[in-house]
Amino acid sequence: MRPYVHKVNYYECDKMGVTHHSNYIRFMEESRIDFLDQLGYGFDRMEAEGIVSPVVAVECNYKKTTTFKDEITIEIKISEVSTLKMKISYTMKVQGKVVCTGVTTHCFFENGRPAIIPERFPELAVGVGNTEN
């Protein structure tokens with residue numbers, strides 16, 4: 001899987017010229033959408049099949065600041081899959097140095113009912129920990 005690259009925009013920075021902390025959550029979402037598209041499970045496909053995947057938890061650990069025009073490379077992997085939840089891990093780097101790590105936890109609903117992930121999405125369960133599915 002190819003990593004996602006986000007170039008920090010001017011409006012994403014605070015008065016100190018540093019990327020505002022809230023934007024890293026958005027970067028996770030951008031990269032997750034790209035990742036799922038690469039897996040063939042894009043939001044458009046899921047929604048057409050009656051599937052929604054809400055975020056139920058977010059963890060974000062800031063290591064170094066980023067600034068306007070920095071290119072953040074975001075590597076993603078499915079780190080855990082259980083019956084009803086999936087965790088996705090993110091490593092964000094600028095010029096090879098880790099600037100932020102994070103984890104999002106998701107559940108899946110199909111037509112309003114909980115979806116059993118290993119049954120409904122076996123490709124996701126098989127790919128745990130592997131970014132080269």
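Which residue in S8 is the bridge partner of Phe-109? In this predicted model, the bridge partner of Phe-109 is Pro-114.

**The small sheet**

Strand S7, made of residues 109-110, pairs with S8 in the antiparallel sense, and two bridges join them. Both strands belong to an open sheet of three strands, ordered S2-S7-S8, with antiparallel pairing. Strand S2 (51-52) and strand S8 (113-114) are at the edges, and each has a single partner strand, so one side of each has no neighbour in the sheet. In general, the strands of a sheet pair through backbone hydrogen bonds, either parallel or antiparallel.

**Helix H1**

Helix H1 covers residues 23-39, which is 17 residues. At 1.5 Å a residue the helix should span 24 Å, and its end C-alpha atoms are 24 Å apart, so the two values agree. The buried residues of H1 are Asn-23, Tyr-24, Phe-27, Met-28, Ser-31, Arg-32, Asp-34, Phe-35 and Leu-36. As background to that list, an α-helix has 3.6 residues a turn, so residues three or four places apart point the same way. The cover over the buried residues of H1 includes helix H2 (43-48). It also includes the strands S1 (4-7), S3 (55-62), S4 (71-81), S5 (85-94) and S6 (97-107). Just after H1, Gly-40 takes a positive phi of about 90°.

**Loop residues**

Ser-22 is located in the loop between S1 and H1. The side chain of Ser-22 makes a polar contact of 2.8 Å with the side chain of His-20. Ser-22 and Cys-60 are 38 residues apart along the chain, and their C-alpha atoms are separated by 9.6 Å.

Gln-95 and Asn-111 also lie in loops. Gln-95 is placed between S5 and S6, and its phi is positive, near 50°, although Gln-95 is a residue other than glycine. Asn-111 sits between S7 and S8; this residue, likewise not a glycine, has a positive phi of about 50°.

The table gives the accessibility of these loop residues.

| Residue | Loop | Relative accessibility | Class |
|---|---|---|---|
| Ser-22 | between S1 and H1 | 36% | partly exposed |
| Gln-95 | between S5 and S6 | 81% | exposed |
| Asn-111 | between S7 and S8 | 62% | exposed |

The cut-off for exposed is over 50% relative accessible area, and partly exposed lies between that and the buried limit of under 20%. Ser-22, at 36%, therefore counts as partly exposed. Gln-95, at 81%, counts as exposed, and so does Asn-111, at 62%.

Conventions:
Residues numbered from 1 in each chain as written. Predicted model: local features only at pLDDT ≥ 70, side-chain atom pairs only at ≥ 80, totals over all residues. Heavy atoms only, no water. Helix = DSSP H or I, 4+ residues; strand = E, 2+ residues; numbered from the N terminus. Expected span 1.5 Å × (residues − 1). Buried < 20%, exposed > 50% of the residue type's maximum accessible area, 1.4 Å probe, protein only. Contact = heavy atoms within 4.5 Å. Pairing = 2+ DSSP bridges. Polar contact = N/O pair within 3.5 Å; in protein donor to acceptor, adjacent residues only side chain to side chain.
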